[in-house]
Amino acid sequence: MRGVLQPLDLGIQIPYHFRCPISLELMRDPVTVSTGQTYDRNSIESWVNTGNTTCPVTRANLTDFTFIPNHTLRRLIQEWCVANRAFGVQRIPTPKQPADPSLVRSLLNQISSHSAPVQIKLNSLRRLRSLTRDSDYNRSLIASLNVRHIVLPILFDYNGGLDDLKYESLALLVLFPLSESDCTSLASDSDKINYLTSLLSHSLFDVRVNSAALIEIVVSGTHLPEIRAQVSNVDGIYDGVVEILRNPISYPRALKVGIKALFALCLVKQTRHRAVAAGAPAVLVDRLADFEKCDAERALATVELLCRVPAGCAAFAGHALTVPMLVKIILKISDRATEYAAGALMALCSESERCQREAVTAGVLTQLLLLVQSDCTERAKRKAQLLLKLLRDSWPQDSVGNSDDFACSHFD
């Protein structure tokens, strides 16, 4: 077997034994399995978690699934990274070791103990949260030990439970998915939903964000329309979520949680007017540039949803930046973003001649013609065709004269 592989984009050759046999990428956390082969931890864990019981290289059965850290190889990889930093290679960090199952059980026992001091419980909750964030392995381990069923009663303890314990339990709980039955049970309990809604206006911003995160998990995980509508119709729930997005101190996770929660709530058609009343249209327009790609897509999907109700359409039309922003987004972020932007523009221009003029002034004609000829989704192209037809009377005369070049007669 050769000692090196072909040059990568870095312009250097990476020693073969520094690369994971599964991913073929530089190993960051090399571990050795029972057959003596070494793999990157994430790769071999994914291999095993998908049901494989053999060594990927030797095909021999794994006698156990204990992964032993290969500290010597990891140090050699780190030294190689340092020696080649001039080529843009960054030193891999020393990985944190997986959580010991006995430690996790001990922490969970302390949390659920009726006799343990409050400070011990708080420390245990914080330690578990730190371990959960360290790795997917830790998250899976902690989830398998029923952490949800331990912290849920603490969060919703109405018999004098300490607030600090509740907030730490909430911060830990939102790191794990909930089953559909758990979501339905929570969503059906008006006292619990009202409590979470009250936390949306808490003085601690992190508590607000974590509350919005749990609301989103519950609403998204509940598939009964009437229960979803019941949650989204709670007084103050839209106001609290929108305020998270509006807050100037919102950090990336807060923006992600806020837009996920708002989108989940807006999927309920009959309560979208509440989002409009809470000021969602202006916040979405003003905040769009701050979202990461997937969150920007979700934000634009929310814009399109709110444009389907008269109050939302009027609110977006009344914001001076809405139409120019939507026009600019076409073909810029992603196919999905383009589809949502075109849908929102269609709704706005169908209701307002002023929006039609603004769209034409912002250059929508060129954008739509490019979209029709692009590799974008068929739904996006259909929306573009409908919008082109709608805007034909607003086109500049020179554009109308050349419209046959773009087969615009096809839109009639």
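These questions and answers cover the cores, a helix pair and a sheet in a predicted model.

The model is predicted, with local features needing pLDDT of at least 70 and side-chain atom pairs pLDDT 80 or more, while totals for chains, interfaces and linings use all residues. Residues are numbered from 1 along each chain as its sequence is written, and side-chain values use heavy atoms, leaving out hydrogens and water.

Trainee: Which helix gives the most to the largest nonpolar core?

Mentor: A nonpolar core is a set of buried Ala, Val, Leu, Ile, Met, Phe, Trp, Tyr and Cys residues joined through side-chain atoms within 4.5 Å; buried means under 20% relative accessible area (1.4 Å probe, protein chains only). The largest one has 110 residues, and L214, L262, L348 and L368 have the most contacts inside it. With 10 residues, the top contributor is helix α10 (205-221); helices are DSSP runs of H or I, at least four residues, and strands of E, at least two, numbered from the N terminus. The name asked for is α10.

Trainee: At what angle do helices α6 and α7 pack?

Mentor: Contact (heavy atoms within 4.5 Å) involves V151 and L155 of α6 and L165 and L172 of α7, among others. Axes are lines fitted to C-alpha atoms over the stretch in contact, with angles from 0 to 180 degrees between N-to-C directions. The axes of α6 (147-155) and α7 (163-173) lie 8 Å apart, and the angle is about 145°.

Trainee: In β2, what is the bridge partner of P30?

Mentor: Strands pair if DSSP finds at least two bridges between them. Strand β1 (30-32) is joined to β2 by 3 bridges and runs antiparallel to it. The partner of P30 in β2 is D40.

Terms used. Buried < 20%, exposed > 50% of the residue type's maximum accessible area, 1.4 Å probe, protein only.
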